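This report walks through two helices, their buried positions and their aromatic rings. Look at the model before reading on.

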Amino acid sequence: PCECQWGLSSLFVGAFVILAAGVFTFFPVFLGLFDYPWYIMLCWLWFGIGLFFFVIGCLFELMGCQKAGRWHNAKAREGDEDSVAPTPYIMINA
């Protein structure tokens, strides 16, 4: 079974793409380099893609769409009544 963390991964990927779009937008806005309409539209496109992933990740995490799996600490919260602590080791002096 897939235990991927889609919400958290989407948040990080979206934030990274948004930051990258901001870095690439810096050149035409502040330095006057690559001041082409198609370049600026690509920056907006990548910003939109990053925003999409970021919003999907937020919704996925806030609405609890993630299945409980290995990464969720459900076993520790349940507590095993059947388990017994191991017998402590006693050092024997010779």
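Buried means under 20% relative accessible area, exposed means over 50%, and partly exposed lies in between. By that cut-off, Y39, C43, G50 and G57 of helix 2 are buried. The model is a predicted one.

**Helix 2**

Helix 2 covers residues 37-62. Its 26 residues, at 1.5 Å a residue, should span 38 Å. The end C-alpha atoms lie 37 Å apart, so the expected and the computed span agree. Helix 1 is among the elements that cover the buried residues of helix 2. After helix 2 comes G64, and its phi is positive, near 65°.

**S10 in helix 1**

Helix 1 runs over residues 6-31 and includes S10. Is S10 buried or exposed? S10 has 12% relative accessibility, and because buried means under 20%, S10 counts as buried. What does its side chain reach? It reaches the backbone oxygen of W6, at 2.8 Å. Setting aside neighbours within four places in sequence, S10 contacts F53, F54 and G57. Of these partners, G57 is one of the buried residues of helix 2. F53 is partly exposed, at 33% relative accessible area.

**Aromatic pairs**

How many aromatic pairs does the structure hold? It holds eight. Two of them are set out here.

| Pair | Centre to centre | Angle between planes | Class |
|---|---|---|---|
| F26 and F30 | 5.4 Å | 35° | tilted |
| F52 and F53 | 5.7 Å | 75° | edge-to-face |

The classes follow from the angles. Planes under 30 degrees apart count as stacked, those over 60 as edge-to-face, and the rest as tilted. At 35°, F26 and F30 are therefore tilted. At 75°, F52 and F53 are edge-to-face, because their angle is over 60.

Where do F26 and F30 sit along the chain? Both are in helix 1, four residues apart, so about one helical turn separates them. An α-helix has 3.6 residues a turn, so residues three or four places apart point the same way. Their accessibility classes can be read off the cut-offs. F26, at 39% relative accessibility, counts as partly exposed. F30 has a relative accessible area of 62%, which is over 50%, so F30 is exposed.

F26 and F30 also belong to a wider cluster. Ring pairs link them with F27, F34, Y36, W38 and Y39. Within that cluster, Y39 is a buried residue of helix 2, whereas F30 is exposed.

How values were computed
Residues are numbered from 1 along each chain as its sequence is written. This is a predicted model: local features need pLDDT of at least 70, side-chain atom pairs count only at pLDDT 80 or more; totals for chains, interfaces and linings use all residues. Side-chain values use heavy atoms; hydrogens and water are left out. Helices (H or I, at least four residues) and strands (E, at least two) are DSSP runs, numbered from the N terminus. Buried means under 20% relative accessible area, exposed over 50%, partly exposed in between (1.4 Å probe, protein chains only). A polar contact is a pair of N or O atoms within 3.5 Å; within protein, one must be able to donate a hydrogen and the other to accept it, and residues adjacent in sequence count only if both atoms are side-chain atoms. Contact means heavy atoms within 4.5 Å. Rings of Phe, Tyr and Trp (its six-membered ring) pair if their centres lie within 6.5 Å; planes under 30 degrees apart count as stacked, over 60 as edge-to-face and the rest as tilted. The expected span of a helix is 1.5 Å times one less than its number of residues.
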